[in-house]
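I opened this model to look up a few places in turn and wrote down what I found at each. The entries are kept short.

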Amino acid sequence: MMMDESRRGFIGKAFGAVAAVGGIASLIAMKKTWDPLPSVMSAGFTTVDVSGLEANKLEIAVWRGKPVFILKYSADMKPTDGRSVKIGDSYFSVMIGLCTHLGCIPGYEGDKKLFKCACHGGEYSPDGVNTFGPPPRPLDIPPFKLDGVTLVLGEEGPEYKKMTAKV
């Protein structure tokens, strides 16, 4: 009779231990499903060092799968309020490189200092303002912040908030 009680106690404790391990494993699995995927985490921010960029030469970065145009102004290019950002001693344009008409990627013609969309002939100035053709609005500005001479795409800094503030 004593043997039966100790066997039952052992089986009960063993079952409880297995249930506890299973419960902990389930909680760990649930937490992993709640965490963002590494690909999503890495797609959040993109950093670009602008200190080595050449004037009037387009630099293209990729942020969240979209091309981001970064253009350093040459001496004869005039910055535009609300569209240009000063980094160090130079002015830059930062914009998402997708045409606001149909989402094509415009090319930059440095000699003419304009962006031209080959699909429907839309044109944008170096600061991304639509100047000709069917695009309904300027190129969009991605959220960014400045960290010295580094541009951090994906985070709203004071410069971005100033550029996108409603007047």
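The entries below go through a pocket, the nonpolar cores and a handful of single residues in this predicted model.

**Entry: pocket**

I began with the largest pocket and read its volume as about 220 Å³. Which residues line the largest pocket? I listed P79, T80, D81, G82, S84, V85, K86, Y91, E159, K162 and M163. Two elements give two or more residues to this lining, β4 (84–87) and α3 (158–164). I then sorted the lining by residue type and got 4 nonpolar, 3 polar and 4 charged residues.

**Entry: V85**

V85 is in the pocket lining, so I looked at this residue next, and I found V85 in strand β4. Is V85 buried or exposed? V85 counts as buried because its relative accessibility is 4%, and the cut-off for buried is under 20%. Leaving out residues up to four places away in sequence, I noted that V85 touches S90, Y91, F92, V94, F144, L146, E159 and M163. Of these contacts, Y91, E159 and M163 also line the largest pocket. I also checked V85 against K162, another lining residue. The two are 77 residues apart along the chain, and their C-alpha atoms are separated by 9.9 Å.

**Entry: nonpolar cores**

V85 came up again when I turned to the largest nonpolar core. This core has 19 residues, and V50, I70, V85, F144, L151 and L153 are those with the most contacts inside it. Which elements give two or more residues to this core? I noted β2, β3 (66–72), β4, β5 (90–96), β10 (144–147), β11 (150–153) and α3. The largest share comes from β5, with 3 residues. Both β4 and α3 are on this list, and both also appeared for the pocket lining.

I followed L151 further. With residues up to four places away in sequence left out, L151 touches T46, T47, V48, V50, I70, I87, V94, F144, K145 and L146. Among these contacts, V50, I70 and F144 are also on the list of core residues with the most contacts.

There is a second, separate core of 12 residues, and F69, Y73, Y108 and L139 are included in it.

**Entry: N56**

Y108 of the second core led me to N56, whose side chain makes a polar contact with the side chain of Y108 at 2.4 Å. Where is N56 placed? I found N56 in the loop between β1 (46–49) and β2 (58–63). N56 counts as buried because its relative accessibility is 18%, and buried means under 20%. A polar atom of the N56 side chain also lies 2.9 Å from the backbone oxygen of G110. Not counting residues up to four places away in sequence, I wrote down L71, K72, S74, M77, Y108, G110 and K113 as the residues N56 touches. For the backbone, I noted that phi of N56 is near 60 degrees, a positive value in a residue other than glycine.

**Entry: K113 and E109**

K113 is one of the residues N56 touches, and I checked its backbone too. K113 has a positive phi of about 55 degrees although it is not a glycine. I placed K113 in the loop between β6 and β7 (114–116). With a relative accessible area of 26%, K113 is partly exposed.

In strand β6 (residues 107–109) I looked up E109. How exposed is E109? E109 is partly exposed, at a relative accessible area of 25%. I found that E109 touches L114 and K116, again without residues up to four places away in sequence. The C-alpha atoms of E109 and L58 are separated by 9.2 Å, and the two residues are 51 apart along the chain.

**Entry: T33**

Last, I went to helix α1 (residues 2–34), where T33 is found. T33 is exposed because its relative accessible area is 60%, and exposed means over 50%. I took T33 and R83 as a pair: they are 50 residues apart in sequence and 40 Å apart in space, C-alpha to C-alpha.

Terms used
Residues are numbered from 1 along each chain as its sequence is written. This is a predicted model: local features need pLDDT of at least 70, side-chain atom pairs count only at pLDDT 80 or more; totals for chains, interfaces and linings use all residues. Side-chain values use heavy atoms; hydrogens and water are left out. On a 1 Å grid over the protein atoms alone, a cavity is a set of points where a 1.4 Å probe fits but cannot get out, and a pocket is an open set with protein on both sides within 12 Å along at least five of seven lines; lining residues have an atom within 4 Å of a point. Grid points are joined across faces, edges and corners, and a volume is the space filled by probe spheres set on the points. Helices (H or I, at least four residues) and strands (E, at least two) are DSSP runs, numbered from the N terminus. Ala, Val, Leu, Ile, Met, Phe, Trp, Tyr, Cys and Pro count as nonpolar, Asp, Glu, Lys and Arg as charged, and the others, Gly among them, as polar. Buried means under 20% relative accessible area, exposed over 50%, partly exposed in between (1.4 Å probe, protein chains only). A polar contact is a pair of N or O atoms within 3.5 Å; within protein, one must be able to donate a hydrogen and the other to accept it, and residues adjacent in sequence count only if both atoms are side-chain atoms. Contact means heavy atoms within 4.5 Å. A nonpolar core is a set of buried Ala, Val, Leu, Ile, Met, Phe, Trp, Tyr and Cys residues joined through side-chain atoms within 4.5 Å.
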